[in-house]
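Work through these exercises with the structure open. Each task is followed by a stepwise solution.

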Amino acid sequence: MSVRKWTVVGIVSSVMLALVGCGSSSATAGSSTPYKLGVLDGLTGGASVLAASITDGMTLAVNAVNGAGGVNGHPLSLDIVDDQSQPSNDVTLVRKLIDSGANGIIGPNYGSGTIAVSPIVKKAKVPELAYNQTIGITQQGNPYIFRVQTNDTVNTKAALLFMKQKFGATKVAVLYTDDAYGTSGSKALQSEAGSVGVQIVADESMSVTATDATPQWVHALAAHPQAVLLWVEPAVDGPALRAAAQLDVKLPMIGGSGFANPSAIAAVGPAAEGVYGIGLVDPSNPPVGAKQLVALLRQEHGSSFQVSFLEATGWDAVQLFAEGLRRANGDRNKLLGALESIANYNGAAGTYKYTSTNHDGLGLDAIEILHVQNGKLVGFKHGV
Amino acid sequence: MALSTGFEAHSALTQLIISGLTLGSIYALVGLGFALIYNATDVINFAQGEFVMMGGMIGVILARAGAPLPVVILGGAVASALIGAVVYQGLVLRARRATVATVVILTLGLSVVLQGIALQIWGSTPLYLAPFTAGNPFHVLGGTVTYQAIWILGAAIASVVLLQVMYRRTQFGRAMVACAVDREGACLVGIDTRRMALVSFALSGAFGGLAGVLIGPIASVSYNEGIGFALKGFAAAALGGMGSPAGALVGGLAIGLTEASLSSYGWATWSDTGVFVVLIVVLVALPTGLLRGRAERRHTAAL
């Protein structure tokens, strides 16, 4: 057999592998017809570092809602499916969820996945609460997509402002992954930098499968930045920050939400020490809307458990759907309008202010600047 | 406020070469594993990347248990060597009547199984290893060299040299070469071809496990890291010349340098694509690879 034949075998088999889907689901019991919510998340693959925490928040929210009598007497149920962190899998999976009677969709993890399923939820008229920061997801002219997160404009502006206020940095370098999260963040940084008086002197992309970030660091440092912004997927935080540590980089650094969560910090190890992050929840001083969630998490994982934006956004997505279904009285046709009427909802991650023209929900007031100290994320500053 | 980077790069080109050689050495170690198994069985073992992952995972466990560095390195390599031996005895040998293509598919399936096992045991959060040698990096010709890079490059070169010495200077190594050239012929002169294949799988696992431990302080050790290393390692072996240890080293370094070049000049998005474009171009021009690997064998029946 020739090398070319092996290559063909390898490619065909890799495609087959990519097409293999491993579904998982969980549902809560109820006495009357449940209101079903479909969840797309990367339980395996690159986003899996985040998925367990997000779905934990969702499950706790469903249990809390059902424990309090459900939504107008109907229990909520979750159908969680694994897209293997591949946006290309989301189209098929979201169709299955909608066909199985989901009232709403939560997820997926990647902005490119949300963009991929957008036409399907629009056609089916099923609202989707997405926890991506990718700006474009709420700018597609699709009224059925809502954001349960801050967007990249808010996050990048906060990062730039903080670096300027705290360190006087007016020249910054950006390291980003070449997926929707990273490229959207990079574009937002470029467009926001001028308005806050900061210059982007280096803009370095990395593959989401990168194992070494040294070339990008060398290129970025040659431009003499005063601070570095990391807009990379959680799986790349480790290679990026370990390369910085091995090159003995001493610049102040701040990461986006792909960094500012306990599981990402744990995965990076000592190289994360001293790095700042853009988060939504101060683990030692969670907002009022997160009190019940924190209590439940500590009941489940122990009293030292640190809540992050991941559990908070998962919790909020379910609670927002519950509130919407309550206001719509379970009528799927009225759910969109009901969600748009949630104009001042105190969630675990911040205050959501949806309207018919604003599906972004959270703003700059929700931002928490976090700092890694002794391997833990500590609240550093609320708002910017 | 004056801010210092703590680091001044004088030569992006030097740094590119250092990074390329570091990553390339890892690909070379994985490529060596492909070459060994291919020589012994004609099989392209796509579970090779899982040897890397398993080696890294075992290394992390040993390091966290407080084991000294030699135990961490050897432990990762030996664990993957054992997995390699079990894969041969439990899977490849039993499927010896199947076609080579079928066995290749079996190794792909095995790769998924091993990933699943790793996910269940260690979870999805990436793990890491501390650098083998502490201390700040040093500067050479305007580039920055970390001690870990020296470890990686040294291990790759030492592995290739040891393998070449074994092939050329030992009775056992010559028997392995005989199997690679003509397995039926080797069998007729009394060489235990199954034993050779078993040792090849074990050695292949050891090289993969060693790569997994070595890369731990640079990349993350994760249950799903294997397939990326498998593809690059396969490319390294094919580019250098399938079946040739020196070819795996040359191919690995060429791939590492290609990847680092694209990343250094703002083409990181194209780094994976670039690697395989180079592979395709070289194999079209030189079907047996840069160092003329083993020609296609006509008798492939006996495993």
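**Exercise 1.** Which side chain does D152(A) join in a polar contact, and at what distance?

*Solution.* The model is predicted: local features need pLDDT of at least 70, side-chain atom pairs pLDDT 80 or more, while totals for chains, interfaces and linings use all residues. Residues are numbered from 1 along each chain as written, chains are lettered from A and ligands numbered from 1 in the order written, and side-chain values use heavy atoms, without hydrogens and water.

Step 1. Find the partner: the side chain of W231(A), at 3.4 Å. A polar contact is a pair of N or O atoms within 3.5 Å; within protein, one must be able to donate a hydrogen and the other to accept it, and residues adjacent in sequence count only if both atoms are side-chain atoms.

Step 2. Check charge pairing. D152(A) is buried and has no salt bridge. Buried means under 20% relative accessible area, exposed over 50%, partly exposed in between (1.4 Å probe, protein chains only). A salt bridge needs a side-chain nitrogen of Lys or Arg within 4 Å of a carboxyl oxygen of Asp or Glu. The nearest side chain of opposite charge, R147(A), is 6.5 Å away.

**Exercise 2.** Classify the burial of R327(A) and E323(A).

*Solution.* Step 1. Locate the pair: their side chains form a salt bridge, 2.8 Å from N to O.

Step 2. Read the areas. R327(A) has 42% relative accessible area, so it is partly exposed. E323(A) has 17%, so it is buried.

**Exercise 3.** How many salt bridges does the whole structure hold?

*Solution.* The search finds nine over all chains. Among them is K250(A) with D248(A), at 2.8 Å.

Technical notes
Lys, Arg positive; Asp, Glu negative; His and termini not counted.
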